[in-house]
Amino acid sequence: MEKIEISRIKPGIRFSQPVFFDDGKNMFIESGISVKPYHLAALTKWHIPFLLSNGHILAENETIQEEIEELSEILDEIESAQELDESAELIQELDSTEELEEL
């Protein structure tokens with residue numbers, strides 16, 4: 001794991017992998033989550049000298065594979081929902097047509 005000095009931690013930065021406290025066991029922040037001012041306040045209050053991670057600081061426009069996969073899953077769900085809506089509309093149209101034919 002790479003040692004990350006606290007001076008490098010700024011509000012808004014994100015990491016490509018989870019970041020752990022200096023004990024290497026307890027997680028400080030998950031991958032892809034932006035560091036908030038309250039995170040920095042906690043580090044100062046608890047006198048944490050450094051953090052540990054197998055990842056790197058992400059550039060502003062850089063995405064991580066997990067984000068891409070999550071967005072892909074959301075798109076798949078949206079497409080499935082749209083297909084279900086279309087199928088339901090078709091079934092309703094067919095039911096209406098059959099009711100008219102029965103009259």
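**Entry 1: the sheet**

I began with strand β2, residues 19–20, and found that 2 bridges join this strand to β4, the two running antiparallel. The model I am reading is a predicted one, and I keep that in mind throughout these notes. Within the pairing of β2 and β4, I looked up Phe 20 and noted that Leu 52 is its bridge partner in β4.

I then turned to the other pairing of β4 that I had marked, and saw that β1 and β4 pair in the antiparallel sense over 4 bridges. Two positions of this pairing went into the notebook: Ile 4 has Leu 51 as its bridge partner in β4, and Glu 2 stands opposite Ser 53 in β4.

In what order do the 4 strands of the open sheet lie? I read the order as β1-β4-β2-β3, with antiparallel pairing. β1 (2–5) and β3 stand at the edges with a single partner strand each, so one side of each is left without a neighbour in the sheet.

For the chain as a whole, I recorded 2 helices and 4 strands, which follow the pattern β-β-β-α-β-α when read along the sequence. Of the contacts in the protein chain with a separation of 6 or more, 63% are between residues 24 or more positions apart.

**Entry 2: the side chains of β4**

Next I checked which way the side chains of β4 point, and found Phe 50 and Leu 52 directed one way and Leu 51 and Ser 53 the other way, with all of them buried. As a general matter, side chains in a regular strand alternate between the two faces of the sheet. I also noted that Lys 3 lies over the face of Phe 50, at 4.5 Å from the ring centre.

**Entry 3: Val 19 and Met 1**

Is Val 19, a residue of strand β2, buried or exposed? Val 19 counts as buried because its relative accessibility is 0%, the cut-off for buried being under 20%. Leaving out residues up to four places away in sequence, I listed Met 27, Phe 28, Ile 29, Leu 51, Leu 52 and Ser 53 as the residues that Val 19 touches. For one of these, Leu 51, I looked up the distance as well: the residue is 32 residues from Val 19 along the chain, and the C-alpha atoms of the two are separated by 6.7 Å.

Met 1, in the segment before β1, is exposed, with a relative accessible area of 53%. Again not counting residues up to four places away in sequence, I found that Met 1 touches Phe 20, Gly 24, Leu 52, Ser 53 and Asn 54. Met 1 and Phe 20 are 19 residues apart in sequence, and their C-alpha atoms are 9.5 Å apart in space.

**Entry 4: helix α1**

I went through α1 residue by residue and marked His 39, Leu 40, Ala 42 and Leu 43 as buried. Why do these residues lie on the same side of α1? They cover an arc of only 155° around the axis, and that places them on the same side of the helix. On the other side of α1 I found Pro 37, Tyr 38, Thr 44 and Lys 45 exposed.

What do the buried residues of α1 pack against? They pack against β3 and β4 (50–53). After α1 comes His 47, and I noted that its phi is positive, near 55°.

**Entry 5: the core and the aromatic residues**

The largest nonpolar core has 13 residues, of which Ile 9, Phe 15, Phe 28, Val 35, Leu 43 and Leu 51 touch the most other members. β3 (27–29) and α1 (37–45) are the elements that give two or more residues to this core. Buried residues make up 25% of the 103 residues in the protein chain.

I followed Phe 28 further, and with its neighbours within four places in sequence set aside, its contacts are Val 19, Phe 20, Phe 21, His 39, Leu 43 and Leu 51.

How many aromatic pairs does the structure hold? I recorded 2 aromatic pairs, including the edge-to-face pair of Phe 21 and Phe 28, with 5.5 Å centre to centre and 75° between the planes. Both Phe 21 and Phe 28 are buried, and together with Trp 46 they form one aromatic cluster.

Methods: Residues numbered from 1 in each chain as written. Predicted model: local features only at pLDDT ≥ 70, side-chain atom pairs only at ≥ 80, totals over all residues. Heavy atoms only, no water. Core = buried A, V, L, I, M, F, W, Y, C linked by side-chain atoms within 4.5 Å. Buried < 20%, exposed > 50% of the residue type's maximum accessible area, 1.4 Å probe, protein only. Contact = heavy atoms within 4.5 Å. Arc of directions from axis to C-beta. Pairing = 2+ DSSP bridges. Phe/Tyr/Trp six-rings, centres within 6.5 Å; stacked < 30°, edge-to-face > 60°. Lys NZ or Arg CZ within 6 Å of the ring centre and 35° of its normal.
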